[in-house]
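Reader: I'm new to this one and don't want the whole tour. Please pick a single part and take me through it slowly, along with whatever sits around it.

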Amino acid sequence: MPARYTLYEEPRAFRTPSRVWYGAGAAARTGACAQELGIPAGPTLLVTDAVVDKLGLAREAAAGLEAAGYTLSRFSDIPGEPTAEVADRAAAVARQLAPVLVVGVGGGSVMDVAKLAAALVGNPGGVMEYTNFGDKRFARPAVPVILMPTTAGTGAEASPNAVVTSGHRKAFANNYPQLLAAGAVLDPRLTASLPPVVTAHTGLDALSHCVEGMLSTNATALTDLAATQGIGLITRALPRAYAAGNDAHARAEMLLGAYLGGQSLNAGMVLGHSIAYTIANRLHLPHGFSCALALPYTVAYNRDAAQERLGKIGEAAGIDGGRVVQRIQSLGQDVGIPEALRTLGLERDRLPEMVTECLELYPRPNNPRPLERDALLSLYQAMWEGRPADAWTA
C-alpha cells in the first residue's frame, strides 16, 4: 500500500452521512429513515424550490414524514444559485420553528440552504460570517438534516460544505461537521425528469469532484476509493443519461456517482473549482457548467506534477492515463459544453483580473502544482480561445 495511505503528518477526517438509503422508491421511506436516526417526531422544516414543488418531487418524502408523525413547515423561496440573503431567510424561518429535523429535497442549491439553515438554528449571526469571507466557526451542533438530491451532480448530500453567492462573489463554508447530513436518501426516480442540459452540467460537476479529489494533495485511501468508483460510474453513465433520460440504470449510476463525488470533497477541490468561480462570478453560469469548462484545463495544468494520479484516473475511466485530458474534454463536448470561453461573451481583456481573483480569493494550497500567475494567464487564454486542453503547456 502506498506510503501516502499509511502515514500522515496529522490525522485526516473523512466525513460522510451516517445513513444512506439508495434505490428506486427510497423517497417514500424518508419518515422511517428519520426514525432509524433516532429523531423524535416533531416540527420539521421541509426545504424545496419552485421546480421541485411543481414536479411533485417532494410528495412521497412529505407523505412518509407525516405518516411517521412529523409536522411539516415549508421553505421554497430558493433561486437556481442561492444568495446569502436567501440562506439567511431560511435560517430565520428555522430559528422561529425550532425544528427537530430539516429535510432538503432538490438540487445542490436547495440542499446547501437546508444545511445552512439547520446549522444556524443554534449558532448566532448570518451565513456570510461562516464563509471564507467571515471569521466565525460553527460551535454548536446543527439540527439533524436528511437530504434527498433531485439532480446527480453537487454531492451536497454527502459533503460538509455549502456554497452561496454574495454580490458577484462565490462564498463557501467548508469542512464543517455541522454541514454534514445525518442521512441521505438517493432515489434515482427523482432525477428522471432532468432535461439533457441539466443532466450534462450536474454530471460534469460530479466528475469534477471525483477528478479534483484524486488530484488533491490531501487525498486519502478513502477519498480515492470514492473518487475512482465515481469516475468509472460517471464516464460510463453520463452519455447514456444525456441521450436517454428515461434510462433508469444510467440515472441510478449517475446518482451514485454524484454521491461518491460528494465524498471525494473530503480531499478538497483543486484549481478547477477556483477557475469555475472566476467564470461564474462574471457570466453567472450554473456551477456545474463552469466546472465543466475548467476541468480539462485543470488536469492539463497539473499533468506533469501528478502523473501517478492521472494513471489512476485513467484506470478508473478505462483508458490510458495519457489520454485523460482529451477524454474529459471530448466527454464535455459530447454533452454540449462549448469549446471556448469567448463564445460565451467573456471579453479577453478580463482574463488578467480573473487570474488575480483566482490567486487572491480562491487559492488552492492542495493543488499538486503551485498556482503561478504567468502559467494561469496562459491557461485562461487557452480556455478563451478554445485550444485543445491536451495541447496546452506552460
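Author: Let's take the sheet, and start with one term: two strands pair if DSSP finds at least two bridges between them. Helices (H or I, at least four residues) and strands (E, at least two) are DSSP runs, numbered from the N terminus. The model is predicted, so local features need pLDDT of at least 70 and side-chain atom pairs count only at pLDDT 80 or more, while totals for chains, interfaces and linings use all residues. Residues are numbered from 1 along each chain as its sequence is written, and side-chain values use heavy atoms, with hydrogens and water left out.

With that said, strand 4 (residues 101–106) and strand 5 (residues 145–149) run parallel and are joined by five bridges. Within that pair, Val105 sits opposite Met148 of strand 5. Zoom out a little and you find an open sheet of six strands, ordered 1-8-5-4-2-3, with parallel pairing. Strand 1 (19–22) and strand 3 (71–75) are the edge strands; each has a single partner strand, so one side of each is left without a neighbour in the sheet. On average, neighbouring strands here are turned by 20° against each other, direction ignored.

Now for the helices lying across the sheet, where contact means heavy atoms within 4.5 Å. Angles run from 0 to 180 degrees between N-to-C directions, with axes being lines fitted to C-alpha atoms, for helices over the stretch in contact. Helix 6 (residues 108–120) lies across strand 2 (43–47), strand 3, strand 4 and strand 5, and runs at about 170° to strand 4. Helix 9 (residues 248–264) lies across strand 1, strand 5 and strand 8 (183–186), at about 165° to strand 1.

Stay with helix 9 for a moment. Its end C-alpha atoms are 24 Å apart, which agrees with the 24 Å its 17 residues should span at 1.5 Å a residue (the expected span is 1.5 Å times one less than the number of residues). Of those 17 residues, 13 are buried, so helix 9 is largely enclosed by the rest of the structure. Buried means under 20% relative accessible area, exposed over 50%, and partly exposed in between (1.4 Å probe, protein chains only). At the start of helix 9, a side-chain oxygen of Asp247 comes to within 3.2 Å of the backbone nitrogen of His249.

Two loop residues are worth a stop as well. Thr191 sits in the loop between strand 8 and helix 7 (196–215), and it counts as buried at 1% relative accessibility. A polar atom of its side chain lies 2.8 Å from the backbone oxygen of Pro188. Leaving aside neighbours within four places in sequence, Thr191 is in contact with Thr150, Thr151, Ala152, Arg251 and Leu255.

Phe14 is in the loop between helix 1 (3–6) and strand 1. At 25% relative accessibility, Phe14 counts as partly exposed. Not counting residues up to four places away in sequence, Phe14 touches Leu222, Thr223, Gln263 and Asn266.

Last, a look at helix 8 (residues 221–243): its 23 residues reach 34 Å from first C-alpha to last, close to the 33 Å expected at 1.5 Å a residue.

Conventions
A polar contact is a pair of N or O atoms within 3.5 Å; within protein, one must be able to donate a hydrogen and the other to accept it, and residues adjacent in sequence count only if both atoms are side-chain atoms.
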